[in-house]
Amino acid sequence: MDNRTARFLKTRFQNYYKNAEIGLPDHLPNREWAFIFFDDMPDKMMHRHKAFGSPGETLDYLYGMAPAHVYNSTAYYEYPDARKMNEKNWLGAELIFDLDADHLPDAPKNYADMLELVKKETFKLMDFLLDDFGFSEHEIELVFSGGRGYHFHVRSPKVLKLGSAERREIVNYLSGRDLDFKYFFKEVPMDGEFGTGSKMFKGMKNVPLKCTLVGHDSGWGRRIALYLTDYMKAECGKRYKKDMFPELRKYEKVGDTTVKKLINLTNSENGLKDILEKGRLDFDVRNFKDIAAYFMRESVEDFLHRFGASVDEPVTADIKRLIRVPGSLHGGSGMLVKKLALSELEKFDPLTDAVVFGERPVKVTVIKPFSVQLKGKDLKVEEGIQEVPEYAAVYLICRGVAEYGHRRNQPGPV
């Protein structure tokens, strides 16, 4: 990035910060701040150990300096501006989750598709935070990072003193690491007319057993119930009976008789409903507890891909992390680091809703061909001098594929 380009970006960022609504953190005087300035690009040297005593002081600094990247600490410190970390006196830290497309397996290269995939992962994590951990919505802050993903800030008093080891355990839970499926399936005595209460088995120790799914109504038990019922519906939807349940047929305890009973259970009026609502797997199949556990072990990769949350473990485990400030701009895209209500995520389109610059035409010199979707438009530029809307110029420059203005000996638009 040459000096003229850096000045252009700084001017546009400064104009934004003049009236920006910055999501200042709670306990502002206890937060460390850090910045990367356009003069430091592309080396991205970070200036940190900065602290502010008031909102006005913070906002004046952002407007005056117009940094490319703005961060504050997830931790609270007694002395946040101390130059050495061990002198800051750590007081606690938010629980942070970072979902970034870089950490998702087989993430698409197309930016729009990438953002759509990471949004799906964000919904999965939201489910864990609200349902499994029981955090309330007012304890959770959701932020679009301005780049390739989302951040969750959890500020419940219950998490502020957690150490790195405890935070890693949370990540392990979210990812489903080391799940042992045998503990989710249990055989218990039948009750009712043909169970422990019947005259036939009264006083006997060996009464008929039924298989149940432990914790079917919450957490990983609920996810297992959904996975099993979806699998059974999909298999019974196949045209030929011989093609149904191939994964289970690999198990030595599963033959045609068991498959027939699975089909009958799936097609019965309350079979799948009983699994989802009661955790009931008590149809007439011997050792079904072992069969179900086997199937889940064999399907674990697909199961965790569907239900596990892919978060950046080092970010969550780090109790002294720096993270982007809501309301600031991302120097790698020029897009807004946008705070969202949880209810806004479904309709949020970052390629439109996080674009803050206008339509004013700006000439840039494109260094290499590039394409992106912004504000509902497909933007495709070729090498050379191009005239594009200001929002596109800022994005292209921040991505490092263009310089501001035109350069000599460069071809113009065709």
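In this tour, two residues are in contact when they have heavy atoms within 4.5 Å of each other. Keep that in mind as you click along, and remember that the model is a predicted one.

**Stop 1: helix 2**

Select residues 55-65, which make up helix 2. Colour Thr 58, Tyr 61 and Leu 62, the residues given here as buried. Where do they sit around the axis of helix 2? They cover an arc of only 95 degrees, which puts them on the same side of the helix. Now bring up the partners: the buried residues of helix 2 pack against helix 1 (3-17), strand 1 (33-36), strand 2 (47-50) and strand 3. Strand 3 runs over 69-73. Before moving on, step just past the end of the helix to Ala 66, whose phi is positive, near 45 degrees.

**Stop 2: Arg 4 on helix 1**

Helix 1 was one of those partners, and Arg 4 lies in it. Is Arg 4 buried or partly exposed? With a relative accessible area of 37%, Arg 4 is partly exposed. Try a distance from here to Lys 377: the two are 373 residues apart in sequence, and their C-alpha atoms are 28 Å apart in space.

**Stop 3: Gly 331**

Next, select Gly 331 in the loop between strand 11 and strand 12 (338-340). Because its relative accessible area is 1%, Gly 331 counts as buried, the cut-off being under 20%. What does Gly 331 touch, leaving aside residues up to four places away in sequence? Show Phe 13, Met 41, Ala 68, His 69 and Cys 398 to see these contacts. For a distance, pick the C-alpha atom of Pro 350, which is 19 residues along the chain from Gly 331 and 15 Å from its C-alpha atom.

**Stop 4: the largest pocket**

Now turn on a surface and look for the largest pocket, with a volume of about 1000 Å³. Its lining has 45 residues, and the closest to the pocket centre are Lys 44, Arg 148, Arg 324, His 330 and Gly 332. Many elements each supply at least two lining residues, including strand 6 (95-100), helix 3 (111-132), strand 8 (149-154) and helix 13 (390-398). Which element gives the largest share of this lining? It is strand 14, with four residues; select 370-374 to see that strand. If you colour the lining by class, you should get 20 nonpolar, 15 polar and 10 charged residues.

**Stop 5: the second largest pocket**

Helix 3 leads on to another opening. The second largest pocket has a volume of about 340 Å³, and helix 3 provides five residues of its lining, the largest share. Helix 4 (164-175) and helix 10 (300-307) also supply at least two each. To find the middle, select Glu 121, Lys 124, His 305, Gly 308 and Ser 310, which lie nearest the centre among the 17 lining residues. By class, the lining divides into eight nonpolar, four polar and five charged residues.

**Stop 6: Glu 141**

Go to strand 7 (residues 140-144) and select Glu 141. Glu 141 is buried, with a relative accessible area of 10%. Which side chains make polar contacts with the side chain of Glu 141? One is that of Arg 155, at 3.5 Å, and another is that of Lys 339, at 3.4 Å. Beyond four places in sequence, Glu 141 also touches His 151, Phe 152, His 153 and Pro 326.

**Stop 7: the cavities**

Finish inside the protein. How many cavities of 30 Å³ or more are there? The count comes to two.

- The largest cavity holds about 80 Å³ of space. Select Leu 228, Tyr 231, Met 232 and Phe 288, which are among its lining residues. Helix 5 (219-236) and helix 9 (288-298) each supply at least two lining residues, and helix 9 gives the largest share, four. The lining has 11 nonpolar residues, with no polar and no charged ones.
- The second largest cavity has a volume of about 40 Å³. Select Ser 333, Gly 334, Met 335, Val 355, Phe 357, Leu 374, Tyr 391 and Tyr 395 to show its lining. By class, this lining has six nonpolar, two polar and no charged residues.

Note on methods
Residues are numbered from 1 along each chain as its sequence is written. This is a predicted model: local features need pLDDT of at least 70, side-chain atom pairs count only at pLDDT 80 or more; totals for chains, interfaces and linings use all residues. Side-chain values use heavy atoms; hydrogens and water are left out. On a 1 Å grid over the protein atoms alone, a cavity is a set of points where a 1.4 Å probe fits but cannot get out, and a pocket is an open set with protein on both sides within 12 Å along at least five of seven lines; lining residues have an atom within 4 Å of a point. Grid points are joined across faces, edges and corners, and a volume is the space filled by probe spheres set on the points. Ala, Val, Leu, Ile, Met, Phe, Trp, Tyr, Cys and Pro count as nonpolar, Asp, Glu, Lys and Arg as charged, and the others, Gly among them, as polar. Buried means under 20% relative accessible area, exposed over 50%, partly exposed in between (1.4 Å probe, protein chains only). A polar contact is a pair of N or O atoms within 3.5 Å; within protein, one must be able to donate a hydrogen and the other to accept it, and residues adjacent in sequence count only if both atoms are side-chain atoms. The arc is that of the directions from the helix axis to the C-beta atoms.
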